[in-house]
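Biologist: I am new to this model and would like a careful look at one part, namely the charged side chains that pair with each other. Please take me through the pairs slowly.

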Amino acid sequence: MASTVYDVTTFPASVSPYTDIGRVINEIMADIRTQQSGQTTRPGAVIYIPPGHYTLATTAVIDRSFITVKGSGHGFLSEAIRDDVDHSAWTETLPGSSHVQIANANQVGFLVDKSGQPGANGRLNSVVFQDFCIDGVSSSKPYTGANGNGKVGIKVQFDSDAVRVEGMGFVYLQEAVTIRNADAYSITNNFIGECGNGIRMINGSIVGKITNNYIVTPWGGHSIFIENVENCLISGNSLLWGARIQFKGVDRAVITGNKLVSNFSGMIVQETTCHEHLISGNHFRRIFGDGGPAPQDDLFGMVHLNGNDNAVSSNFFSFSVPSGSIVPSGATPTVVLVKSGTRNFLSSNQLTSNVAVRHVVDASATSTKVLWSGSSSQLQDLGSGTALVATP
């Protein structure tokens, strides 16, 4: 039987992996397709990237199941302070370990897609990216929009089951990870920094987890964006500076045990109606820093709810912004805004602030319950049927 473990540095490719590792991986994938052509004889393969600096000039396309692309370390090096300090004397100035540099603007590094293959039926199963660094080489804050380089680290375009992104490093990318139509996904233990958008889960996914990641993004995009997904778990993540988890058409999510530090309001946002979220045991820290313009003002809420039966419980909210820097000027900042929906529930949340703050129940919200989450003066109630048990 042919080998199922491929080393990009020893595979007899038409180019050197240091010149174009994407082309080498595509030639490896062609060999896998040739060797594993039967419906029941496809164990898959490991594509190994040893430590080294590799240029990716051609998008690497993964179009078969049971493929693991792995290195020997995420090699992450934060380059956020490059613009602010003299780094000429640094011991190292590039990410390390298994380090892949995307060469071209508006390019995807690794694309998971078999739509162009004959008989492209079913799903792609158990594709894994593990323990290497994807580097967009250079970009400018906020790394998206007009300042973005258009580079995407990993894009899963085809329906997939059990896709995993683990122990990776991502730096200087417009989008680190974008995954469409994935079930039972796992995105865990990754370092994502200086990227316009961290993790984007789009369209029709169920039962997945985003856990234990470091995600550092500025104001232009999202730390985590999730659309049309059910039953996702977001836990144990550290989100910094432009910390933002945004939901669109998402039900029954669990957001627990995360640390969010942000220069801006809107750290958890239900952009459209979202139901039955449990937001519990998180620490929210709103501070004042550079960057902007802010996506929303301080009336938008550190947590912004749209929908029914959402529970915000046992969280710690810390607000530390100079009074003269609050937008709009003179406003009382909002901690949790219940923008719409019914039977939303706030319970046992702790507030600390250098200025007066409050929760707000908007006029379109009904039957909201606020229990031990602030004093009566810390609630602006414009809704109907609100029940308040103030913190003693």
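How many salt bridges does the count come to? Please also show me which parts of the chain some of these pairs link, and whether their residues are buried or exposed.

Modeller: The count comes to eleven salt bridges, the term being used for a side-chain nitrogen of Lys or Arg within 4 Å of a carboxyl oxygen of Asp or Glu. The model is predicted, with local features needing pLDDT of at least 70 and side-chain atom pairs pLDDT 80 or more, while totals for chains, interfaces and linings use all residues. Residues are numbered from 1 along each chain as its sequence is written, and side-chain values rest on heavy atoms, with hydrogens and water left out.

A good place to begin is R252, whose side chain meets that of E230 in a salt bridge with an N to O distance of 3.2 Å. E230 belongs to strand 21 (residues 224–235), whereas R252 sits in the loop between strand 23 (245–248) and strand 24 (254–256), so the pair ties together parts that are 22 residues apart in sequence; a strand here is a DSSP run of E of at least two residues, numbered from the N terminus. E230 is partly exposed, at a relative accessible area of 30%, and R252 is also partly exposed, at 31%, where buried means under 20%, exposed over 50% and partly exposed in between, with a 1.4 Å probe and protein chains only.

R252 also has a salt bridge with E276, at 3.3 Å from N to O. This second pair again links distant parts of the chain, since R252 keeps its place in the loop between strand 23 and strand 24 while E276 is in the loop between strand 26 (268–270) and strand 27 (278–280), 24 residues apart. E276 counts as partly exposed, with 39% relative accessibility.

In another pair, R286 forms a salt bridge with D298, and their closest N and O atoms are 2.8 Å apart. Here too distant parts of the chain are linked, with R286 in strand 28 (residues 283–287) and D298 in the loop between strand 28 and strand 29 (303–306), twelve residues apart. R286 counts as buried, at 5% relative accessibility, and D298 is likewise buried, with a relative accessible area of 4%. Elsewhere, salt bridges that share partners join R123, D161 and D183 into one network.

Conventions. Helices (H or I, at least four residues) and strands (E, at least two) are DSSP runs, numbered from the N terminus.
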